[in-house]
Amino acid sequence: MSTMNISLPEPLRAFVDQQVAAHGYGTSSAYMRELIRKDQDRQTLRNLLLEGVGSPLAGVADEAYFDGLRRGLKNAVRL
């Protein structure tokens with residue numbers, strides 16, 4: 001694992017320290033890694049949403065469509 005040093009103004013450093021203590025992170029590095037992972041997830045979701053918006057319509061999302069999804073989930077859970 002490589003090391004990266006960052007400089008924070010005192011109010012931000014105090015906030016990080018509060019978060020570490022309040023949420024059970026072992027270190028400020030663990031807290032920062034979690035923030036970075038969440039940001040990666042957010043960006044991935046954003047890209048998937050943009051991809052979906054740009055894709056052609058596959059059909060109508062009506063009640064029958066959602067009923068089919070529910071049936072599929074019930075069958076998958078039984079497996």
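In this predicted model, Q19 turns up in helix 1. Its relative accessibility is 16%, so Q19 counts as buried, the cut-off being under 20%. Leaving aside residues up to four places away in sequence, Q19 touches G24, Y25 and Y31. One of these partners, G24, sits just after helix 1 and takes a positive phi of about 75 degrees.

Q19 has company: the buried residues of helix 1 are V16, Q19 and V20. They cover an arc of only 100 degrees around the axis, which means that they lie on the same side of helix 1. What do these buried residues pack against? Their packing partner is helix 2, residues 28–54. On the other side of helix 1 the picture flips, with E10, P11, A21 and A22 exposed.

How do the helix lengths work out? Helix 1 runs over residues 10–23, and at 1.5 Å a residue its 14 residues should span 20 Å; the C-alpha atoms at its ends are 20 Å apart, so the two values agree. Helix 2, with 27 residues, reaches 39 Å from its first C-alpha to its last, close to the 39 Å expected at 1.5 Å a residue. The N-terminal end of helix 2 is capped by T27, which places a side-chain oxygen 3.3 Å from the backbone nitrogen of S29.

Next come the charged pairs. Side chains of opposite charge can pair when their charged atoms come close. How many salt bridges does a search of the whole structure find? It comes up with three.

In helix 1, D17 and R13 are four residues apart, about one turn of the helix. Their salt bridge brings the closest N and O atoms to 3.2 Å. D17 is partly exposed because its relative accessibility is 37%, between the 20% and 50% cut-offs. R13 is partly exposed too, with a relative accessible area of 42%.

Helix 2 holds another pair, D39 and R42, whose side chains meet at 2.9 Å, N to O. These two are three residues apart, so about one helical turn separates them. Relative accessible area is 32% for D39, which is partly exposed, and 47% for R42, also partly exposed.

The remaining pair, D67 and R70, belongs to helix 3 (residues 63–78), where being three residues apart again means a separation of about one helical turn. The closest N and O atoms of this salt bridge are 2.9 Å apart. D67 is partly exposed at 29%, and R70 is partly exposed at 47%. Why does such spacing suit a pair within a helix? An α-helix has 3.6 residues a turn, so residues three or four places apart point the same way.

Terms used: Residues numbered from 1 in each chain as written. Predicted model: local features only at pLDDT ≥ 70, side-chain atom pairs only at ≥ 80, totals over all residues. Heavy atoms only, no water. Expected span 1.5 Å × (residues − 1). Buried < 20%, exposed > 50% of the residue type's maximum accessible area, 1.4 Å probe, protein only. Arc of directions from axis to C-beta. Contact = heavy atoms within 4.5 Å. Polar contact = N/O pair within 3.5 Å; in protein donor to acceptor, adjacent residues only side chain to side chain. Salt bridge = Lys/Arg side-chain N within 4 Å of Asp/Glu carboxyl O.
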